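Biologist: I'd like to learn how to read a structure like this one, feature by feature. Could you take me through it?

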There are 2 protein chains.
Amino acid sequence: MTAKIIRGTDLREALLDEVAVDVLRMKEQYGRPPGLVTILVGENPASLSYVSLKIKTAHRVGFKEVQENLPENISENELLECIKKYNNDETIDGILVQLPLPGHINEGKVIETIDPVKDVDAFHPVNVGRLMQEGAAAPFLPCTPAGIMEMLIRSEVPVAGAEVVVVGRSNIVGKPIANLLLQKGAAANATVTVVHTGTRNIAEHCLRADILIVAAGVPNLVRPEWIKAGACVIDVGVNRVGESVSAVTGKKIALLRGDVDYDAALEVAGWITPVPGGVGPMTIAMLMKNTVKAMKLRRTS
Amino acid sequence: MTAKIIRGTDLREALLDEVAVDVLRMKEQYGRPPGLVTILVGENPASLSYVSLKIKTAHRVGFKEVQENLPENISENELLECIKKYNNDETIDGILVQLPLPGHINEGKVIETIDPVKDVDAFHPVNVGRLMQEGAAAPFLPCTPAGIMEMLIRSEVPVAGAEVVVVGRSNIVGKPIANLLLQKGAAANATVTVVHTGTRNIAEHCLRADILIVAAGVPNLVRPEWIKAGACVIDVGVNRVGESVSAVTGKKIALLRGDVDYDAALEVAGWITPVPGGVGPMTIAMLMKNTVKAMKLRRTS
């Protein structure tokens, strides 16, 4: 068996095209496009590169896009004031604060200052709580888990009744995707097990999985003998395992690997996501979807 | 094997004695006891009996206890105003609105009107979100899941690394206890599976469980052949299966059964909770603990 490859890069294109059409409709109906502000504190290179991609994508779909590049030594209070300004800005629908923040700033306080109706990352406890209580019916889903659900839906992976094993219990991936998939609803109603560093026999659990979602941050953790024949393997890991030099530009390029031994898994799984080009591209597309939704929710509430 | 019986009635006594000592200390330190308001709308007999027990227990531990018995036809707005009054009352630390509410009142709106720092039922989305993000480190845990954790701790059931299977995915029991037990921390760090009406083979999952938590609302659902020898069985079900007449008072008494075939399970399990007298009594004790905690949190924040 050779697994079907679920290409996040392709799905992203389809999603962004949908968003662009939505943006045109909203401009017609409300006289303005959705507005997204990206707030970056300091100059962490990884954060810079994530934010640049978000900005580029926001432009592509036709958003109003505002960048706040704040100095590393900004006070917590100044940052909170900046967020409040956009809470009160009627042309801004989504507020994204790029994490991590410098050590002198309380991340929890920052996240809780974002108006929950503009919290397009869905990290505010109110939105986390709604996800747990309401599943996919919650106003905003965090972008990576939402991207995973979109991949399952668009690849027609059967989820209802499936055995799902989630490897990892992070607040950003493991816990929310587990909570989403165990609830009633489309692309949900699965039997979900969460395994982690405290689990006795991870391999045995993985082998039960019809859908195996791996977000452990350990390169090549999941070996082919952990995978049930025909299972859907979603690899959320993005691990830098080295670098190479581009033959074209001469620039250094990070060598990325997932949490799954991809080449070997390809022969066992029924579906698999590559790294790079799998879950990663979905995350930014879902951020754009959330921003459109934020505008719709504010307009209809 | 005959299971050790985890008696919630006994644990409740120990917990309430601890709370009473805390109350004395707080009166000394702050000049007043913790204050709890119970808000009851209408005269649903089950709600009346729950609230009466809460009031009685609050008196026993020495709380200031305020009762708001509001008419069935109260408007939503009047109820919200009543809650806001207690949000602003410095002598009230905990606000409990007995659910369910009459159909003309939006329960979600009512719960979200309670100040999260006085939300001793922990049903506000902010407190639900904190539970998912922080586990037992969250400010308030909902009373039934918190009671189950207390039972596991006080009965010295090994939880770290254990296989936990939760039967049922309610917002009040299944989802929060699953989220609590899968996180790092004391009486946690377990491998957790949630099974439900959409699960293919519930019995097979249950048989894997070192700790089996059943909150399905189906009398005698769990049969002895679903239970691993020596497992800890926590039965959250309270099902009315008939009634009898008290020989002493001549009053009708509801006959209650749990979700587990208790007599048979007793021979297989290592620990078991009876119904009645198991998880039920813990819930009210944890409500009292939460109210003390609410006062402490407000005093130190």
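Modeller: Start with a strand pairing: A:Glu243 stands opposite A:Ala254 in E10(A). That pair belongs to a ladder of 6 bridges between strand E9 (residues 239-245) and strand E10 (residues 252-257) of chain A. Keep in mind throughout that this is a predicted model.

Biologist: Which way do E9(A) and E10(A) run, parallel or antiparallel?

Modeller: They run antiparallel. The two strands make a hairpin with 6 residues between them, and A:Gly250 in that turn has a positive phi of about 75°.

Biologist: What about a strand with parallel partners? How many bridges join E2(B) to E3(B)?

Modeller: There are 7 bridges between E2(B) and strand E3 (residues 64-70) of chain B, and the two run parallel. As an example, B:Val37 has B:Val66 as its bridge partner in E3(B). To get from E2(B) to E3(B), the chain passes through helix H2 (residues 45-61) of chain B, and this β-α-β crossover is right-handed. E2(B) also runs parallel to strand E4 (residues 94-97) of chain B, joined to it by 4 bridges. There, B:Leu36 stands opposite B:Gly94.

Biologist: How do I read the faces of a strand?

Modeller: The general idea is that side chains in a regular strand alternate between the two faces of the sheet. Now apply that to E2(B): B:Gly35, B:Val37, B:Ile39 and B:Val41 sit on one side, with B:Leu36, B:Thr38 and B:Leu40 on the other, and all of them are buried. Put as a tally, 7 of the 7 residues in the strand (residues 35-41) are buried.

Biologist: And a helix? How many of the residues of H5(A) are buried?

Modeller: For helix H5 (residues 125-134) of chain A, 8 of its 10 residues are buried. As a rule, an α-helix has 3.6 residues a turn, so residues three or four places apart point the same way. In H5(A), the buried residues run from A:Pro125, A:Val126, A:Asn127 and A:Val128 through A:Gly129, A:Arg130, A:Leu131 and A:Met132.

Biologist: What do the buried residues of H5(A) pack against?

Modeller: Both chains are involved: helix H4 (107-113) and helix H7 (174-181) of chain A, together with H4, H5 and H7 of chain B. After H5(A) comes A:Gly135, with a positive phi near 65°.

Biologist: That takes us to the interface. How many residues does each chain put into the contact?

Modeller: Chain B gives 35 residues and chain A gives 35 residues. The area buried between them is about 3100 Å², with carbon and sulfur atoms giving 48% of it. On the polar side, 30 residue pairs are in polar contact, both residues being at pLDDT 80 or more. The count of salt bridges between the chains is 4. In one of these, the side chains of A:Glu112 and B:Arg130 meet at 2.5 Å, N to O. On the side of chain B that touches chain A, the elements giving two or more residues are helix H5 (125-134), helix H7 (174-181), strand E6 (191-195) and helix H8 (202-208). H5(B) gives the largest share of that side, 8 residues.

Biologist: How many salt bridges are there over all chains?

Modeller: A search of the whole structure finds 42. One of them joins A:Arg298 and A:Glu90 at 3.0 Å, N to O. A:Arg298 lies in helix H10 (residues 279-300) of chain A and A:Glu90 in the loop between H3 and E4 of that chain, 208 residues apart.

Biologist: Is A:Glu90 buried or exposed, and where does A:Glu163 stand by the same reading?

Modeller: A:Glu90 is exposed, with a relative accessible area of 53%. A:Glu163 is buried, at 10%. A:Glu163 meets A:Arg208 in a salt bridge at 3.1 Å, N to O, and this pair links strand E5 with helix H8 of chain A, 45 residues apart.

Biologist: Which residue does B:Lys109 form a salt bridge with?

Modeller: Its partner is B:Glu76, with the closest N and O atoms 3.1 Å apart. B:Lys109 is in helix H4 of chain B and B:Glu76 in helix H3, so the pair ties together parts 33 residues apart in sequence. B:Lys109 counts as partly exposed at 44% relative accessibility, whereas B:Glu76 counts as buried at 18%. Salt bridges can also share partners: A:Arg12, A:Glu13, A:Asp17 and A:Arg60 are joined into one network that way.

Methods: Residues numbered from 1 in each chain as written. Chains lettered and ligands numbered in written order. Predicted model: local features only at pLDDT ≥ 70, side-chain atom pairs only at ≥ 80, totals over all residues. Heavy atoms only, no water. Buried < 20%, exposed > 50% of the residue type's maximum accessible area, 1.4 Å probe, protein only. Pairing = 2+ DSSP bridges. Right-handed = clockwise from strand over helix to strand, strands pointing away. Contact = heavy atoms within 4.5 Å. Buried area = accessible area lost by both parts, 1.4 Å probe. Polar contact = N/O pair within 3.5 Å; in protein donor to acceptor, adjacent residues only side chain to side chain.
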